[in-house]
Amino acid sequence: MTTDDHIVFIVDDDARIREALGELLASHGMRALAFGSAGDYIGAEKPDVPSCIILDVELPDINGLDLQRQIAKGNHPPIVFITGHGDIPSSVRAIKHGAVDFLTKPFSDANLMAAIDAAIAQDREKRSARAELGVLRRRYLELTPREREVLPLVVSGLLNKQAAAELGISEVTLEIHRRNVMQKMAAASLADLVRIAERLEIPITHSRRTGGTRV
Amino acid sequence: MMSVWSRRPHFLHLGLFTAAYVLGCGFAQALAIVPGTGISIWPPSGLFMATLILASRHSWPWWVLGGCLAELFSNALWFHNPLSVALLIYTGNVLEAVAGAWLVTWACRRPFRLETLQEVLTLVVLGAGIAPVASATVGSATLAWFGMQTFAAAWPLFWLGDATGVLIVAPLALAVLQNCGGRTQLSAARWMEACVLGLIFLGVAALSLSGHLPSAYIVMPPLLWAAVRFEFKGAAVALTLLALITVVFTISGTSQFVGDPEFQKQMQFALQLFLAISAFSVLTVAAVSRQHQQALLTLRDSERELSQLVDMVPSHVWRLTPDGEPTFFNKRMIDFLGLDVADLDKRGMSRLEAVIETIHPDEAIGFGDALRRSLATGENFALRYRLRRADGVYHWMSSRAEPMRDQNGRIVQWYGLCHDIDDQMHAEEALRRSERELQQLVDALPVHVWSWTPDGKLAYVNKRSLEELGLSGANFEGSTMVAQKLVHPEDAPEVLRTSANCLKAGDAFMMRYRRRCKDGSYRWMEGRCEPLRDQDGTIVHWYQVSIDIDDQMHAEEALRRSERQLQQMIDAVPVRIWSVRPTGGPIYFNKRYQDHFRAVIPNFDALGEPRIETLLQELIHPEDASEVQCTLRNCFDTGGGSAMRFRWREKDGAYRWAECRVEPRRDQDGVIAEWYGVSLDIDHEVRAQEALRERERELSLLVEMVPSHLWRVSPEGETTFANKHMADYFGLDVEDKPRMEAVFNTMFHPDEVDEVWDVFARCLRTGEPFSMTYRLRRHDGVYRWMSGRAEPMRDESGRIVQWFGLCHDIDNQVRAEEALRRASERLARATQAASLAELSASIGHEVNQPLAAIVANSQACHRWLSAEPPNVERAKITAERITRDANSAADVVSRIRALFRQTTNAKSSENINRVISEVCRLMADEIAAKDIRVETNLEPDLPPVALDCVQVQQVLVNLIRNGIEAMEAVVEGARALQIRSSRDDLHAIRVEVRDTGTGFKDADRVFEPFFTTKQHGMGMGLAICRSIIESHGGSLWTANDEARGATVAFTLPLATNGGSATMS
């Protein structure tokens, strides 16, 4: 395991806990960054690597659960909650909002490490998905306006003729547009293109069936 | 030739001369009545001679030439002589004219005016008598040679003719030629006389010459009349007229001088004689008359001058008759008196009396007497008196008069002279006065004045001297001896010797000696003697002055003594004193300074008159020298004093600090006369000051660097100092007073500002030390807790001089305390209001934190140790942390225990009933919600108990809540909770909480920790309660009631000696 590969953020108001967790993670060969409060965490400069947060529920400024809600909007690392006295509503709420685990102090080494590993793997996955989507988005941005019109029609499953008619252009022209779209979006096949469109959340405006009825 | 040409006469004059010459020739021809006898009268000779007399000799050739031309012309017209004859005759004429003119001018030796008898005689004798000899001789010889006439016959006639011509024509010509420029004005009377005379003359001449009268010489009276009255002009004119009339009658033949041809020659001669005699007589008379007139004129002039002299002489001149009557005053006297002799008559008194009246009344009688006496005796009169001037002012006059006597010695007149001596009198008066004053001065002077003749005889001794020597004015000759005896015996020989030497050498001398006074004491005198010399340097007089200088001598002695003392003092004082001239040259250095210079400057004595700058340059440390130089020069330039500090070299070569002060001394006009300087060694002071400064700097640094606020306030409350720490805290500049004021006005937290100021003001007023805790506003607006203290500093009289304050930041400490207090409160509140479950959860959290850390660390430690190779270092660290955290956990537990067993400090004396009521009120809602009735049975007038209010409340809350929970299961019957307070015994108070619940099933174990009968609970409640009560020195127990429910009771001891009880 390389230390640079991932990082663990520890947010706990108790310095002893931060210290102990840092030491434990270090003994596991993990890099850790510790923060005394939610504010410190938010304000800090963080490396852009796969990571997770070990978050104490009781924090001096804002509650750990509130912090979870606050950062939920952005791309944040998966959270492993730790708490001095866990109650069921809190843990339920945390898990519901996507926390990887909810550990009660004192927790065992194995549980913690398992949770961390899971969290980092999850983040790694999310990151690669985000990266892939980013590539697709960049590709989509390279399309011409006409090609962007053509794409939904094609992935909706319309025939070339139907699509051409829809756009009021010749079938040959549509054919060219479609080829360009396939090429630019690096789609090996129409199925591939449909999957990409799905990832890009391009709305499917026409179904062949409805299109058929109109024709 | 050139000179002749340049001296040529006016050609008009030459022409006129030639024409007159020709006319004269014509006239002579007309008179040549006797055939063959030649000329009877030769007018040209007179003309020629007169012309040459008047003309300059250089022009004579011109006139000779003119005459030659005229004669030749006349010869051609009338004489018809051969040319040679004519020329020879003319030569004779020229000789005659030249000789005559030369002789006449030679004899008279002055411009010939024909005004005196001498001149007339000269003309007659030399001009008319001798000169014609030449012409007669030459002419007669010529005639004889050519055989015309015999020499003897021709010569007399020739001579007489020429002489007559000269006599008649020369005066006329001279008169005409001399008066041709000037116009003599004749009065009308003279004109009339001239006319009458002319008529008479013409009439007499006509009658006498025409033969009607017996003799031609009858014409002489009118002729002489003309000569007397009209002098030469009249004579000349009359003679000319006579000659003309004679010629006319001779030619016409009616003249007496016309006769028979044989007598013609005699007749001619008679005529010539007549004319010659007439001319001679007339000219002589005219000359006499002329001379007489001249004499008269001269007399008149001299008389006028004399009269002017008498009038103008600056004195009064007067004349008296022998009787004393004034007959003449000169003009000055008239002007002075404002009246003439004639005016004296108008007074109605004699002239003499009138004169006496003008004299000052003081002298009038004396004047009259003196004058009368002189008149009577004939003695000379001399008197001084005051005479009244016309304007009434009296002037001093000095008058003298002397008699004039005739041959018989009889007094004819008195002549007097009187001159103004007013100024002189005043001057004399002033002189007398000044002399008198001088005399008084000399006598009044407090000195002895003696004067000596050159041979050593006393000439004068002033009065004071005489008095003091006890001599009378009469015999001061002996004063020398007396004076010498009075001289102090010690001084006497010296005095004698010196004076003798000086008298011999003629030098002035001065000596001081003691002289005995009347009372026998000796006093110092100063004698000075100087000779007075005349122009030649011979000594005329010796003057000696002796002055009493005793006081002065004593003063001088005192002065010398004081000066010596001063000098000794100046030399003895341990400072260097010097003075210099305004130009910088030295005047004085005191001995100490000189010694200093000598020691330091090798060739100091050789320097002569060194300048102060040079000396200082040598003396002063090179670093200071330029500044000192500059300061000094600045002083000298501006005239202001100055003080400077510098290091100077000492004997041993070491430098010591010195201070020099310079001040100018000015004279009355404010001009700087001298510069004074004093230099003193201030090495110790400077070094002490340096040390002091260093110490001050350190102290200042200390004050600035001490991590507290230090400040100083005047008794009036004005901040006079704030250290840097404080200034930084407020973010202001120490120097910026106004802003400091503003900051100080807003520095306290609004919550405390009034209180702080009140306290501070009271402290300032009363002088009691100030000590407070308050918040201060930092420059960034943050308030921080400060502990401020201030104490006054008092002077000897106990008056407060300053307040010194210290203020240090206790914010962190306060906040820590605050946090702790809040945590305690929180916990207290939690235990007060929350269930025990929550309490235990809270405690659990506190304990779990370190436990979690311990677990994590121990796992890390385990991992470090089990790693390959084991990381012992890290393991050690983690192990240490485990220990630390475990201790921390133990601390938490003990803190929790401490929470329930607080020290007596927190205890206060409370009424237990009030605490119970409080708890009931606190739990009113909870109780109401459970539908439970609470009965309180509180014994009034219970003594107060020392207790921790919060803890006891906590116990009550716990007990009440336990009771409520115990009654939850009870369905039937009243749910009632009884709280009772009562006096247990003499030393304790007892509180009981009784419920009607299920009661304790296992009453023995209820106090064990973690024993619980409840579903939710940690089983800590009663254990904690018991520990709290026990910490108060009381006891808590439980008992089940017989019927149902349970009672929990506790006692609290009365406050007898609570402190020791709690500590057990």
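Q: What percentage of the 215 residues in chain A do buried residues make up?
A: This is a predicted model, in which local features need pLDDT of at least 70, side-chain atom pairs count only at pLDDT 80 or more, and totals for chains, interfaces and linings use all residues. Residues are numbered from 1 along each chain as its sequence is written, and chains are lettered from A and ligands numbered from 1 in the order in which they are written. A residue is buried if 20 or more other C-beta atoms lie within 10 Å of its own, exposed if 12 or fewer, and partly exposed in between, with C-beta atoms placed from the backbone. By this rule, the buried share of the 215 residues in chain A is 36%.

Q: Is Ser51(A) buried or exposed?
A: Ser51(A) is found in strand β3 (residues 51–56) of chain A; strands are DSSP runs of E with at least two residues, helices are runs of H or I with at least four, and both are numbered from the N terminus. Ser51(A) has 24 C-beta neighbours inside 10 Å, so Ser51(A) counts as buried.

Q: What distance separates the C-alpha atoms of Ser51(A) and Arg124(A)?
A: Two residues are in contact if their C-beta atoms, placed from the backbone, lie within 7 Å. Not counting residues up to four places away in sequence, Ser51(A) touches seven-part company that includes His6(A), Pro77(A) and Asp123(A). Arg124(A) lies 73 residues from Ser51(A) along the chain, and their C-alpha atoms are separated by 7.9 Å.Q: Which residue does the UniProt annotation "modified residue: 4-aspartylphosphate" cover?
A: The residue is in strand β3 of chain A, and it is buried because 26 other C-beta atoms lie within 10 Å. Leaving aside neighbours within four places in sequence, its contacts include Asp12(A), Asp13(A) and Thr83(A). The annotation comes from an unreviewed UniProt entry; such positions follow the numbering used here, feature names are shortened, and annotations may be inferred rather than shown by experiment. The residue covered is Asp56(A).

Q: Which helix gives the most to the side of chain A that touches chain B?
A: In total, 16 residues of chain A are in contact with 20 residues of chain B. Eight residues on the chain A side come from one helix, residues 15–27, and that helix is α1.

Q: How far apart are the end C-alpha atoms of helix α3 (residues 43–54) of chain B?
A: The expected span is 1.5 Å times one less than the number of residues. The helix has twelve residues and should therefore span 16 Å, which agrees with the distance in the model, 17 Å.

Q: How many of the twelve residues of α3(B) are buried?
A: The buried residues include Pro43(B), Phe48(B) and Ile53(B). The helix is mostly covered, and the number buried is eleven.

Q: Which residue in β10(B) is the bridge partner of Trp452(B)?
A: Two strands pair if DSSP finds at least two bridges between them. Strand β6 (residues 447–452) and strand β10 (residues 539–548) of chain B run antiparallel and are joined by six bridges. The partner of Trp452(B) is Trp542(B).
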